[in-house]
Amino acid sequence: MRRNELLELAQTLINGQRAQDYGDAEIMFHAIAAGWAIILETQVTASDVALCMAWLKMCRLSKSPDHLDSWADLIGYGALGGEIATKGQHNA
């Protein structure tokens, strides 16, 4: 798959059915962070969730590098994490 197609797939996934199924990503990441903070007994942010989920996808890709869905998910977590981490900042 070409890079533009992969970027479009990731965009379709995070803005389409997954957004409908799971709701606003930032709200969901905050909810996940709250649960992880209890389990891990340390502070966890929504940005941390995006980083950890991206790491999960990278670990899976190390075993199955041809798994297209994991590449699309990795891109999606990067985009969502970047949006959450830079909220309120303006593009220069």
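Which residues form a nonpolar patch on the surface?

## Surface patch

Met1, Leu68 and Trp71 form this nonpolar patch, and together they have about 310 Å² of accessible area. The model is predicted, and the areas and distances reported here are computed from it. Trp71 belongs to helix 5, which covers residues 68–85. With a relative accessible area of 36%, Trp71 is partly exposed, because the partly exposed class lies between 20% and 50%.

## Overall fold

The protein chain contains five helices and zero strands. Read from the N terminus, its elements follow the order α-α-α-α-α. Along the principal axes, the C-alpha atoms fill a box of roughly 40 × 35 × 30 Å. The chain has 92 residues, of which 25% count as buried.

## Helix 3 and its ends

Helix 3 runs over residues 25–40 and has 16 residues. At 1.5 Å a residue, a helix of this length should span 22 Å. The expected span is 1.5 Å times one less than the number of residues, which is why the figure comes to 22 Å for helix 3. Its end C-alpha atoms are 21 Å apart, in agreement with that expectation.

At the start of helix 3, Asp24 places a side-chain oxygen within 3.1 Å of the backbone nitrogen of Glu26. At the other end, the helix is followed by Glu41. The phi of Glu41 is near 55°, a positive value in a residue other than glycine. Glu41 sits in the loop between helix 3 and helix 4 (46–63). Its relative accessible area is 73%, so Glu41 is exposed.

## Aromatic pair

The structure holds one aromatic pair. Phe29 and Tyr77 make up this pair, with ring centres 6.2 Å apart and 35° between the planes, and the arrangement is tilted. Phe29 is in helix 3 and Tyr77 in helix 5, so the pair links distant parts of the chain, 48 residues apart.

Are the two partners buried or exposed? Phe29 has 6% relative accessibility and counts as buried. Tyr77, at 19% relative accessibility, also counts as buried, because the cut-off for that class is under 20%.

## Salt bridges around Arg18

Side chains of opposite charge can pair when their charged atoms come close. The structure holds four salt bridges. One of them joins the side chains of Asp69 and Arg18, at 3.4 Å from N to O. Asp69 lies in helix 5 and Arg18 in helix 2 (residues 17–22), so this pair ties together parts that are 51 residues apart in sequence. Asp69 counts as partly exposed at 31% relative accessibility, and Arg18 is partly exposed with a relative accessible area of 29%.

Arg18 also meets the side chain of Asp73 in a salt bridge, with an N to O distance of 2.4 Å. Since Asp73 is in helix 5 and Arg18 in helix 2, this contact ties together parts 55 residues apart in sequence. Asp73 counts as buried, at 9% relative accessibility.

## Salt bridge between Lys87 and Glu26

Another salt bridge is formed by the side chains of Lys87 and Glu26, at 3.0 Å from N to O. The pair links distant parts of the chain: Lys87 is in the segment after helix 5 and Glu26 is in helix 3, 61 residues apart. Lys87 counts as exposed at 61% relative accessibility, whereas Glu26 is partly exposed with a relative accessible area of 22%.

Which residues are joined into one network by salt bridges that share partners? The network consists of Arg18, Lys57, Asp69 and Asp73.

## Contacts of helix 5

Several of the features above involve helix 5. Trp71 of the nonpolar patch lies in this helix, and Tyr77 of the aromatic pair does too. Asp69 and Asp73 are in helix 5 as well, and each meets Arg18 of helix 2 in a salt bridge.

Technical notes
Residues are numbered from 1 along each chain as its sequence is written. This is a predicted model: local features need pLDDT of at least 70, side-chain atom pairs count only at pLDDT 80 or more; totals for chains, interfaces and linings use all residues. Side-chain values use heavy atoms; hydrogens and water are left out. Helices (H or I, at least four residues) and strands (E, at least two) are DSSP runs, numbered from the N terminus. A polar contact is a pair of N or O atoms within 3.5 Å; within protein, one must be able to donate a hydrogen and the other to accept it, and residues adjacent in sequence count only if both atoms are side-chain atoms. Patches are made of residues with over 30% relative accessible area and no salt bridge: like charges are joined within 9 Å, nonpolar side chains (Val, Leu, Ile, Met, Phe, Trp, Tyr) within 5 Å. Accessible areas come from the Shrake-Rupley method with a 1.4 Å probe; for residues, only the protein chains shown count as cover. Buried means under 20% relative accessible area, exposed over 50%, partly exposed in between (1.4 Å probe, protein chains only). Rings of Phe, Tyr and Trp (its six-membered ring) pair if their centres lie within 6.5 Å; planes under 30 degrees apart count as stacked, over 60 as edge-to-face and the rest as tilted.
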